[in-house]
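Please read this short report alongside the model, with attention to charged side-chain pairs and to the arrangement of strands.

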Amino acid sequence: MASQTRRPVKLLYFASAKEFLGNLPSEDYALDDSIKTGADLIKSVKQRHADNTNFIAILDRSMIAINDEYVYELATVVLKGGEEVAIIPPISGG
């Protein structure tokens, strides 16, 4: 039986994303072999929090930054482990 490689990443939640997760500021996340890209990670996060429709709705509209750089094409970012992934919801105000 093949063992799966577990690679850690840290998810950081801000503003309403944090609030919809009960003020959870961050979460350690272990990437398994099925999570290769940023898009795979976001899909997995959605599955983990599937019962939280408010969070999923905000996640769908959020910007994602990996290691302090905004990412616009998550499918093109290969995750190696050790990344810091920030979920940054839309900002409102004036």
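The sheet is described below, followed by the salt bridges.

This is a predicted model, in which local features need pLDDT of at least 70 and side-chain atom pairs count only at pLDDT 80 or more, while totals for chains, interfaces and linings use all residues. Residues are numbered from 1 along each chain as its sequence is written, and side-chain values use heavy atoms, with hydrogens and water left out.

**The sheet**

Five strands form an open sheet in the order E2-E1-E5-E3-E4, with mixed pairing; strands and helices here are DSSP runs (E, at least two residues; H or I, at least four), numbered from the N terminus, and two strands pair if DSSP finds at least two bridges between them. Because E2 and strand E4 (69–71) stand at the edges with a single partner strand each, one side of each is left without a neighbour in the sheet. From one strand to the next the twist averages 30°, where axes are lines fitted to C-alpha atoms, for helices over the stretch in contact, and angles run from 0 to 180 degrees between N-to-C directions. E1 and strand E5 (residues 84–88) run parallel and are joined by four bridges, and Leu 11 stands opposite Val 85 in E5. Helix H2 packs on the sheet, touching E1, E2, strand E3 (63–66) and E5, and its direction makes about 115° with that of E2; contact means heavy atoms within 4.5 Å.

**The salt bridges**

Side chains of opposite charge can pair when their charged atoms come close. The structure holds three salt bridges, each defined as a side-chain nitrogen of Lys or Arg within 4 Å of a carboxyl oxygen of Asp or Glu.

| Pair | N to O distance |
|---|---|
| Asp 28 and Lys 10 | 2.8 Å |
| Arg 48 and Glu 27 | 2.6 Å |
| Asp 60 and Lys 46 | 2.4 Å |

Asp 28 lies in strand E2 (residues 26–31) and Lys 10 in strand E1 (residues 7–13), so this pair ties together parts that are 18 residues apart in sequence. Asp 28 is exposed at 57% relative accessibility, whereas Lys 10 is partly exposed at 30%; buried means under 20% relative accessible area, exposed over 50%, and partly exposed in between (1.4 Å probe, protein chains only).

Arg 48 lies in helix H2 (residues 38–48) and Glu 27 in strand E2, so their pairing ties together parts 21 residues apart in sequence. Arg 48 is partly exposed at 40%, but Glu 27 is buried at 12%.

Asp 60, in helix H3 (residues 53–61), and Lys 46, in helix H2, link distant parts of the chain, 14 residues apart. Asp 60 is partly exposed at 48%, and Lys 46 is partly exposed at 29%.
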